[in-house]
Amino acid sequence: MWHFAISVFLIELYGRNLLLTAVFGLVVAGSVLLLGALIGDWVDRNPRNKVAHASLFIQNISVTVCSIVLMLVFLYKQRIEQIWDGWLTVVCYTVVIILADVANLASTALTIAIQRDWIVVITGYNRGHLAGMNATMRRIDQVTNILAPLAVGQVMTLASNVVGCGFILGWNLVSLIVEFFFLSRVYRIVPALSVKPPVEEEDLVYQQGTERSKSQDEDNAAQRQPLTESNCNTNLHLKQITKIPLCFRRFRWLVSTCKDGWRAYYRQPVFLAGMGLAFLYTTVLGFDCITTGYAYTQGISGSLLSLLMGVSAITGLMGTVMFTRLRKTYGLVNTGIISSCLHLGCLLLCVCSVFAPGSPMDLSLLMPYIANSSAELGEMASQKQKHTYPLRGGSNQPLLPDRSSIHWTNNTVLFENVPSDSAPESYVSIILLFLGVITARIGLWSFDLTVTQLLQENICESERGVVNGVQSSMNYLMDLLHFIMVVSAPQPQHFGILVIISVLFITTGHTMYFLYAHKTKRKQRLDT
């Protein structure tokens with residue numbers, strides 16, 4: 001509900017403009033990109049119950065406080081805009097974005113702890129049980145992603161944004177208690193969760209011991225030297241120098257932790273599989289705001305889009321079922337190969353949609369020198385694309401370049417100027433596009449579950465958190481590329497180019513997985 005509502009709230013706050021939503025998307029992606037390894041390292045170094053409880057508390061409290069701030073801004077917006085020449089409004093926007101980002105970071109930590117670590121221990125490292133548990137968790141996510149936006153969307157539509165904020169506030173306070181109780185109960189039921197490998201603690205003690213021995217050796221050496229005026233001056237100078245590292249010691253530790261996390265990620269045998277999954281995030285071929293915005297420019301109604309999103313959720317659930325059956329029959333690595341082929345095969349329909357009748361794709365965009373030298377070509381292109389509609393705010397407005405509202409079903413607020421009485425010349429292009437996106441989700445979710453379980457099975461327990469934190473950073477990095485890609489080509493006529501680039505990134509990701517599968521099978525043959 002919060003991921004759905006925060007984007008709507010930010011758009012409403014900024015006069016139905018996408019600037020705040022875009023800033024929020026950049027802040028969220030950038031923070032996880034920079035802090036992903038640190039979050040994972042924190043998960044590894046602390047007891048499981050403390051990590052889960054702290055992440056849960058920070059996440060829900062941040063959402064609660066952010067909801068209170070939003071309620072105050074919505075209620076007293078005119079008064080706030082008059083204080084400090086409008087700068088108080090900027091402060092409120094900043095506070096909202098920071099709190100929402102903190103909530104997302106806590107949610108990332110909770111996801112790493114529960115879905116990457118707890119599940120492996122709960123299933124007793126049984127691969128069959130682990131596959132079933134992963135599929136069940138993903139089905140819960142799919143159903144929740146459908147029901148939650150519908151619930152909060154109805155509240156906001158029937159009442160107001162203030163009531164919607166209050167509803168989310170109350171829900172988070174109640175769910176905080178319920179989730180805390182359930183997590184505590186699971187922790188008590190499974191005694192293995194209280195046991196963590198002492199590798200990190202031994203390394204930490206060893207490092208502290210070596211530092212102490214070094215400091216003692218330096219002190220002994222200093223004591224053996226005769227006490228002269230020059231030695232006193234040098235000792236004072238050394239003390240001044242040693243004070244500088246003390247100030248930056250924490251920063252150096254953070255930097256070294258990030259480096260160690262990325263090195264640990266690169267050393268993993270499933271490195272190529274994780275990178276392949278990350279490349280799948282650089283795409284516009286999903287049911288996010290970008291695809292929704294493009295569909296509106298092609299004359300697709302909001303009710304039809306809601307129906308298509310429901311169908312896509314069903315295909316996603318089919319992907320989780322297919323994953324469990326394929327894994328039992330062909331094994332985990334072969335399941336990833338089959339899922340990759342199915343995913344790429346369905347996306348070929350999206351590539352065909354770029355050149356199908358009704359596509360707004362303007363090939364002159366690939367040859368700007370021809371377009372500039374020939375005015376007639378521009379007129380022909382504009383006549384050919386009468387079925388496309390200008391977006392609100394001008395033709396250069398991006399096609400909703402943000403993923404935080406990935407489950408929007410009511411975007412009519414942003415497209416009030418779309419004419420409802422006119423129809424495109426042909427629906428072939430848009431039909432092929434959504435047919436490819438919907439059917440591809442079967443292979444996509446099956447592939448996602450495959451890589452998730454590979455990460456769970458092949459990463460040692462002491463590095464499970466930091467490696468998955470770096471994986472989250474990689475996912476957000478590739479999502480940032482997708483964000484920049486859409487901002488660079490924001491018009492509906494550019495969408496065909498974005499589709500082709502997305503398919504190229506996805507193909508690269510699956511190629512990385514094919515290389516991983518080849519290496520794994522080759523190693524298995526050599527071992528046997």
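Asp 260 is partly exposed in this predicted model, with a relative accessible area of 44%. Its salt-bridge partner is Arg 263, and the closest N and O atoms of the two are 4.0 Å apart. Arg 263 counts as exposed, at 51% relative accessibility. Both residues belong to helix α9 (residues 229-267), where three residues, or about one turn of the helix, separate them.

This pair is one of eight salt bridges found in a search of the whole structure. Another joins Arg 45 to Asp 41, with 2.8 Å between the closest N and O atoms. Here, too, a single helix holds both partners: they sit four residues apart in helix α2 (residues 19-45), about one turn of the helix. Asp 41 is buried at 10% relative accessibility, while Arg 45 is partly exposed at 35%.

A longer reach along the sequence is seen for Asp 448 and Arg 138, whose side chains meet at 2.1 Å, N to O. Asp 448 lies in helix α16 (residues 428-458) and Arg 138 in helix α6 (residues 127-158), so the salt bridge ties together parts 310 residues apart in sequence. Both residues are buried. Salt bridges also link Arg 48, Asp 117, Glu 461 and Arg 464 in a network.

Turning to aromatic rings, the search finds nine pairs. Among them, Tyr 266 and Phe 271 are edge-to-face, at 5.1 Å centre to centre and 70 degrees between the planes. Tyr 266 is exposed, at 59% relative accessible area, and Tyr 265 joins Tyr 266 and Phe 271 in one aromatic cluster.

Notes. Residues numbered from 1 in each chain as written. Predicted model: local features only at pLDDT ≥ 70, side-chain atom pairs only at ≥ 80, totals over all residues. Heavy atoms only, no water. Phe/Tyr/Trp six-rings, centres within 6.5 Å; stacked < 30°, edge-to-face > 60°. Buried < 20%, exposed > 50% of the residue type's maximum accessible area, 1.4 Å probe, protein only. Helix = DSSP H or I, 4+ residues; strand = E, 2+ residues; numbered from the N terminus.
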